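Me: I want to go through this model residue by residue, then look at the ligand site and the helices. Please keep the answers short.

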Amino acid sequence: MEEKLRQLREESLQAIRSADALDALDALRVKYLGKKGELTAVLKQMGTLSAEARPVMGQLANQIREELTEAVETARASLSEKALELRLAAEKTDVTMPGLPVRIGRRHPLNKVIGEAKEIFIGMGFTIAEGPEVELSDYNFTRLNTAEGHPARDRQDTFYFDDDDEVLLRTQTSPVQVRVMETQPLPIRIISPGRVYRKDEVDATHSPMFHQIEGLVVDEGITFADLKGTLNELVRRLYGPDTKTRFRPHHFPFTEPSCEVDVQCFECGGRGCRVCKGEGWIELLGAGMVHPRVLEGCGIDTRKYSGFAFGVGAERMAMFRFGISDLRLMFENDTRFLEQF
Ligand code: PHE
């Protein structure tokens, strides 16, 4: 029996040590040490031994069991380590490989300049108002003191949705003035940036869709001096403290008196050039004191309240701000252009 045990020991140790995978090792453990394993099988024959030989063989068998158990553990540890190493090698990534470039977008020059204007006006206590782009001609014209038959209503210039000319794409942001005066309590101090539409052919300075920033202030004792102060502040904050402005008399149906405001040409500094068409000045916005008829139409008492309003062309503002000479660049979405801002 001793011979059998020693043989089993040799054979199993060798098998365990040369196992090359964890599942093979486990099969060997069952084969030699399991309940129905070979070691147990040998021990079952203990009954045939003499009383003196039994404890000796028992001790030997226990010693072999321990040895084998230990050998299995050692082999398991080294096989697990090897398996981990193999997996790591297989999953290895080269972290030094250059990544794919991510193209980061930027704000459009138009949105940039509108954002700057918003900041400036918010700093002066204005809030932002919104109005619909699909508007009633009542708001776009009639309530802005622009009577039936006024040339601004012409089908040549305005996109109407219906044959009765009642619904249109707003031609200006001024209808927001009426919507705000109808709904907001006095005093009012708002700006309203947004898209407007006119039937214009596309060229270097025209587009059938463009942007305006409307402004409206209504309070007690508002005068033309408030209008001038506010707009001069806007221009100087946008284009620098030395920028010169020129207020020219003009006509709008919904303001009286009305004016247009020019800024000294950013290109030539007033000497006259191609950009300002020799004028030395470029028109930036229309403005005026809100016509009493418009105020009264919104139920505002003109003995107590007065106001001023203005409408700035946002594309113009951006063109000055960044020295862009062709309006079309703003809407072509050419990234070579857009990346410059
Ligand atoms: N809505 C006018 C335009 O589009 C501009 C303007 C706004 C004039 C407010 C006076 C007051 O030309």
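Me: In this predicted model, is Asn140 buried or exposed?
Reply: Asn140 sits in helix H6, residues 137–140. Its relative accessibility is 0%. Buried means under 20%, so Asn140 counts as buried.

Me: Which side chain makes a polar contact with the side chain of Asn140?
Reply: Leaving aside neighbours within four places in sequence, Asn140 is in contact with Glu135, Leu168, Arg170, Thr171, Gln172 and Pro175. One of these contacts is polar and runs from side chain to side chain, at 2.9 Å. The partner is Thr171.

Me: Where does Ser174 lie, and is Ser174 buried or exposed?
Reply: Ser174 belongs to the loop between strand E3 (167–169) and helix H7 (175–183). Beyond four places in sequence, Ser174 is in contact with Leu144, Glu214 and Phe254. Its relative accessibility is 4%. The cut-off for buried is under 20%, so Ser174 is buried.

Me: What distance separates the C-alpha atoms of Ser174 and Gln212?
Reply: Ser174 and Gln212 are both among the residues that come nearest to the ligand. Along the chain they are 38 residues apart. Their C-alpha atoms are separated by 9.2 Å.

Me: Which side chain has a polar atom 2.9 Å from an oxygen atom of the ligand?
Reply: Take the nitrogen side of the ligand before the oxygen. A ligand nitrogen is 2.8 Å from an N or O atom in the side chain of Gln172. For the side chain of Ser174, the distance from a ligand nitrogen to an N or O atom is 2.9 Å. The oxygen atom has its 2.9 Å partner in Arg198.

Me: How much of the area that the ligand exposes alone does the protein bury?
Reply: Polar side-chain atoms of Arg198 reach to 2.9 Å from a ligand oxygen. Taken alone, the ligand exposes 320 Å². The share buried by the protein is 90%.

Me: Which strand supplies the largest share of the shell around the ligand?
Reply: The shell divides into 5 nonpolar, 7 polar and 2 charged residues. Strands E5 (209–220), E8 (281–290) and E9 (305–313) each supply at least two of its residues. The largest share is 3 residues, and it comes from E9.

Me: Which residue shares a 2.7 Å polar contact with the side chain of His211?
Reply: His211 is in strand E5. It is buried, with a relative accessible area of 12%. Its contacts beyond four places in sequence include Leu110, Arg195, Val312, Glu315 and Phe331. The 2.7 Å polar contact joins the side chain of His211 to that of Glu315.

Me: Which residue just after H10 takes a positive phi?
Reply: Helix H10 covers residues 314–322, and its buried residues are Ala314, Glu315, Met317, Ala318, Met319 and Phe320. These pack against helix H5 (109–123), E5, helix H8 (224–239), strand E7 (255–264), E8 and E9. Just past the helix, phi is about 65°. The residue is Gly323.

Me: Which helices do the buried residues of H4 pack against?
Reply: H4 runs over residues 53–90 and reaches 55 Å from first C-alpha to last, close to the 56 Å expected. Its buried residues include Met57, Leu60, Ala61, Ile64, Leu68, Ala71, Val72, Ala75 and Leu79. An α-helix has 3.6 residues a turn, so residues three or four places apart point the same way. The buried residues of H4 pack against H1 (2–17), H2 (22–33) and H3 (38–43).

Terms used:
Residues numbered from 1 in each chain as written. Predicted model: local features only at pLDDT ≥ 70, side-chain atom pairs only at ≥ 80, totals over all residues. Heavy atoms only, no water. Helix = DSSP H or I, 4+ residues; strand = E, 2+ residues; numbered from the N terminus. Expected span 1.5 Å × (residues − 1). Buried < 20%, exposed > 50% of the residue type's maximum accessible area, 1.4 Å probe, protein only. Contact = heavy atoms within 4.5 Å. Near = heavy atom within 4 Å. Polar contact = N/O pair within 3.5 Å; in protein donor to acceptor, adjacent residues only side chain to side chain. Areas by Shrake-Rupley, 256 points an atom, 1.4 Å probe, with all protein chains shown as cover. Nonpolar A, V, L, I, M, F, W, Y, C, P; charged D, E, K, R; others polar.
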